[in-house]
Amino acid sequence: VAPPPAVLKPGTRPFTVIVDPGHGGLDPGAMRNGVREKDVVLDIAREMARLIDSVPGYRAILTRTGDYGLELWQRVEFAKRKEGDLFISVHANTNPRKALSGMDVYFLSLQGATDREAKELADKENAAQLVGLHPGQTHDDMVMDILMDLRMTQVLHESARLSDHILASADASGVIAGRKVKQAGFHVLKSLAMPSALVEVGFMTNRNDLALLKKQSSRRELAAVIVEGIMAWRRDREAIALLDGDVQLGGSAEPRWTRSYRVRRGDNLWDLARRYGTTVNEISRRNSLATGEILVGQTLRLPEGLPESTQEP
């Protein structure tokens, strides 16, 4: 995972990612074999925050940092108050069909859900806490507020692209399969004037997915998958802005991949991507890596042109 190509000028506030672990407190979410959704997603969210905070120019803020409940409208108000640039809500899925597995990513639909499964999931999450509306605010009022916001079309477009990048990261990870990008009317996404997505990290009703969600090491990997997708989306977004003449770069937008790097003990693709200003997926693609594993002594091609402070000796 790497920072976007744009240079953060001194005094500029960092790009703020609001990470929202679903459920909490008296609402455990889904439960299977002693595993509670609220615990799984909090663990994943904390690791996401750690990874995001490790990238220069970024910061992560959790909507909840412990086992306590929040109304859905409180999560939305929190994101607005913290002036978030991006909102990611983390959940774990369930389905009567135990064969279903993999990661789903949802973004907001104002017209309705893309399929029955999406509608049922949104209905379940929305009903969890009194529909998640601010006291005194009706559903129609909220939708009208959104429709009156001229930025909403662009926000939905970016949310769709963000969802695609997160799913592509899952597909390329070797950790969990990327299943589908869908739309549904999740209230927790409905009044956010920022790109937003709800990630269902896996199915607690699937034996293999549940085994992943039980293990802390696998939760860390799932967090990295989501953050990788976020960073890939941001780099793509900045590249589009560059073409429009809106972004000033500190160097070439497309670095030359001519650096030869010999893998050392303790190296991993995450750290290499962060240090060399690229993504795990791009390193894997450029070096024809079939899995996310690298071996000590293996030679990799990495990009040139980083500042001296971040380059290897």
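Visitor: How much area does the chain expose, and what share do carbon and sulfur atoms supply?

Guide: About 15000 Å² is exposed, with carbon and sulfur atoms supplying 51% of that. Keep in mind that this is a predicted model.

Visitor: And what share of the 313 residues is buried?

Guide: Buried residues account for 51% of the chain. To get that label, a residue needs under 20% relative accessible area.

Visitor: What makes the 44 residues a nonpolar core?

Guide: A set gets that name because its members are buried residues of the nonpolar types, joined through side-chain atoms within 4.5 Å. The largest such set here has 44 residues, and V19, I44, M48, I88, M103 and I226 are those with the most contacts inside it. Take V19: among the residues it touches are A45, I52, L62 and V90. A second, separate core has 13 residues, including W257 and L289.

Visitor: How do you know that D209, L210, L212 and L213 sit on the same side of α6?

Guide: These four residues are buried in helix α6, which runs over residues 207–214. They cover an arc of only 155° around the axis, so they fall on the same side of α6. On the other side, R207 and N208 are exposed, and exposed takes over 50% relative accessible area.

Visitor: Why is N206 said to cap the N-terminal end of α6?

Guide: A side-chain oxygen of N206 lies 3.0 Å from the backbone nitrogen of N208. The cut-off for a polar contact between N or O atoms is 3.5 Å, so that pair falls within it.

Methods
Residues are numbered from 1 along each chain as its sequence is written. This is a predicted model: local features need pLDDT of at least 70, side-chain atom pairs count only at pLDDT 80 or more; totals for chains, interfaces and linings use all residues. Side-chain values use heavy atoms; hydrogens and water are left out. Buried means under 20% relative accessible area, exposed over 50%, partly exposed in between (1.4 Å probe, protein chains only). Contact means heavy atoms within 4.5 Å. Accessible areas come from the Shrake-Rupley method with a 1.4 Å probe; for residues, only the protein chains shown count as cover. Helices (H or I, at least four residues) and strands (E, at least two) are DSSP runs, numbered from the N terminus. The arc is that of the directions from the helix axis to the C-beta atoms. A polar contact is a pair of N or O atoms within 3.5 Å; within protein, one must be able to donate a hydrogen and the other to accept it, and residues adjacent in sequence count only if both atoms are side-chain atoms. Lists of a residue's contacts leave out its neighbours within four places in sequence.
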